[in-house]
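Here are some short exercises to work through with the structure open beside you. Try each task before reading its solution.

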Amino acid sequence: MVQENGKATTLALKLRVWRQRRGQPGAFEEHALAAVPTSASFLEMMDMLNEQLIKQGKDTFAFDHDCREGICGMCSMTINGMPHGPLPGVTTCQLHMRNFRDGETITVEPWRARAFPVLKDLAVDRSAFDKVIQSGGFITVRTGSAPEANNIPVPKPVADEAMDAAECIGCGACVASCKNGSAMLFVGAKINHLNILPQGQAERDRRTLAMVKTMDEAGFGNCTNYGECQAHCPKSITLDVIAKLNRDYLRARVKEFFSSTGKPSKGGD
Amino acid sequence: MALTGLVLIGFVLGHLLGNLLMFKGPAALNEYAKWLHDHPGLIWTARMVLLISVFAHIWVGIKLSLENKASRDGGPAVDATRRASLGSRTMPYSGVVILGFIVFHLLHFTFKSVAVAYQGDSVYAMVVAGFSQPAIAIFYIVSMLLLCLHLGHGVSSVFQTLGLRNERWRGRLDALAQAYAWFIALGFISIPLAVLTGCLK
């Protein structure tokens, strides 16, 4: 530990990191890591650990990361039981080591959910989210030329609400934090973002039914209103999106049930 | 869960209001019981709706619990619950105890297979005699506290499941759910407690 103005600037840590090969059972591995700067991000600390392992001629830990700016949704570690670590409203890459104590033992695990199988160590397969998006998380428009922006007026509060939902980066922390492994916060955010905008109206019911169906088929659990997802979401998406998903789903189901076929029923006049 | 729960939430209120006639005296309660029995159409419709709701509630509850346990895949090695309330985490357990309570309660006061020493057909006398056994009265009280825990999460969840909740209303609706749960539980508890302490004879 190096000190500057009475405050520690580097940390010595004990790390318990999950080691797993695809399709095989995994286990924790313990490593000591010295001289971690408090200004390092959690991912930079993991880079230091991997460099140390390379020097020792050992296998490195696989983990997902990309932008390291908190906006891409790739990083995905459960740190001391908390997806993205102890700070609310930040991703793992924006979590800095000053939030940990010198000599602390830190447990690092992958997202734990049946719908997110472990690829290797801390990297999980999140393509279940892609399937949900492919089933309805879009609007069908002719692309190639941008339309005149003022053709479709969007009231400011609606635009704000859609933007709040669109903040979701699809990282999967909601699933990882949920005691049911449910993806309702993710699906709710994606459905809301499109369902409240005028551009999303044409496919509103079809989208809602298709995305919920795909979500269920992917093996995600059901929402029982624990609220853990909201408490762990790095973008602080609220349970409002789940309430609105429930409302839209109910509405779409009722409309589907009483939809007209345009033909008289058999035996009718 | 929400729709069947809603039926049961409504039932406990009606049941409680009827039971509280205990404090108005034997005549009021016995007249109310007689009125119910004089309307078999009403009482049997209510019983059928309740029976279907209870079984549907249990069936969906079991299905949810099993699916959710499988989806979780064990969960992280370290538990770091941030927000989930005690009530929300114990729904299956409080539910099982309440089911056990319902079965006992029916055997006790409806089918009368559990021995209760009283004379005549006074419902009032039956309740007083039933709760004069401390073990039974305490079992009723504990069950009602678990019902309070179950309702505290259940009532607030109804709003969320039906899509009638947002962050602005969340605090108020949760408070409403807690108030309702405590009103129901304390209301029911007041009767065995009054018998145990000798306020109702």
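**Exercise 1: The nonpolar cores**

The model is predicted, and its largest nonpolar core holds 68 residues, with C174(A), V175(A), L185(A) and V187(A) making the most contacts inside it.

Task: Find which helix gives the most to this core, and work out where the core lies with respect to the domains of chain A.

Solution. Start with the helices: α5 of chain A, residues 184–195, gives the most, with 7 residues. Next, look at the domains that supply the core. Domain 1 (3–119) and domain 2 (127–257) of chain A both give residues to it, so the core lies between them. For a closer view, pick V187(A): leaving out residues up to four places away in sequence, V187(A) touches V132(A), M211(A), V212(A), M215(A) and L245(A). Finally, turn to the second, separate core, which has 24 residues, including I98(B), Y124(B), V127(B) and F188(B). As background, nonpolar side chains in soluble globular proteins tend to be buried together.

**Exercise 2: Two domains of chain A**

Task: Describe how domain 1 and domain 2 of chain A are placed and how they meet.

Solution. First take the bounds: the domain assignment gives 3–119 for domain 1 and 127–257 for domain 2. Then compare the centres, taken over C-alpha atoms, which are 30 Å apart. Now count the contact: domain 1 of chain A contributes 17 residues and domain 2 of chain A contributes 16. On the domain 1 side, these residues divide into 9 nonpolar, 6 polar and 2 charged.

**Exercise 3: Where the chains meet**

Task: State how many residues of chain A and chain B are in contact, and which element gives the largest share on the chain A side.

Solution. Begin with the totals: 34 residues of chain A contact 28 residues of chain B. The elements of chain A that give two or more residues to this side are β7 (105–109), α7 (228–232) and α8 (240–257). Of these, α8(A) provides the largest share, 7 residues. By residue type, the chain A side divides into 10 nonpolar, 16 polar and 8 charged. As for confidence, the model scores ipTM 0.91 and pTM 0.93.

**Exercise 4: Buried or exposed?**

Task: Classify E29(A) and C199(B) as buried, partly exposed or exposed.

Solution. Take E29(A), which sits in strand β4 (residues 27–37) of chain A. A residue needs 20 or more C-beta neighbours within 10 Å to be buried, and 12 or fewer to be exposed. E29(A) has 16 inside 10 Å, so E29(A) counts as partly exposed. Not counting residues up to four places away in sequence, E29(A) touches V17(A) and R19(A); its C-alpha atom is 6.5 Å from that of R19(A), 10 residues apart along the chain.

Now take C199(B), in the segment after α8 (167–196) of chain B. C199(B) has 11 C-beta neighbours inside 10 Å and therefore counts as exposed. The C-alpha atoms of C199(B) and F23(B) are separated by 9.4 Å, although the two residues are 176 apart along the chain.

**Exercise 5: A portrait of chain B**

Task: Summarise the secondary structure and the dimensions of chain B.

Solution. Count the elements: chain B has 8 helices and 0 strands. Its C-alpha trace spans about 60 × 35 × 35 Å along the principal axes. Of its 201 residues, 24% count as buried. Among contacts in chain B between residues at least 6 apart in sequence, 77% join residues at least 24 apart. To close, check the confidence: the mean pLDDT of chain B is 94, and 100% of its residues reach 70 or more.

Note on methods:
Residues numbered from 1 in each chain as written. Chains lettered and ligands numbered in written order. Predicted model: local features only at pLDDT ≥ 70, side-chain atom pairs only at ≥ 80, totals over all residues. Contact = placed C-beta atoms within 7 Å. Helix = DSSP H or I, 4+ residues; strand = E, 2+ residues; numbered from the N terminus. Nonpolar A, V, L, I, M, F, W, Y, C, P; charged D, E, K, R; others polar. Core = buried A, V, L, I, M, F, W, Y, C linked by C-beta atoms within 7 Å. Domains from an automatic or database assignment. pLDDT = per-residue confidence, 0-100.
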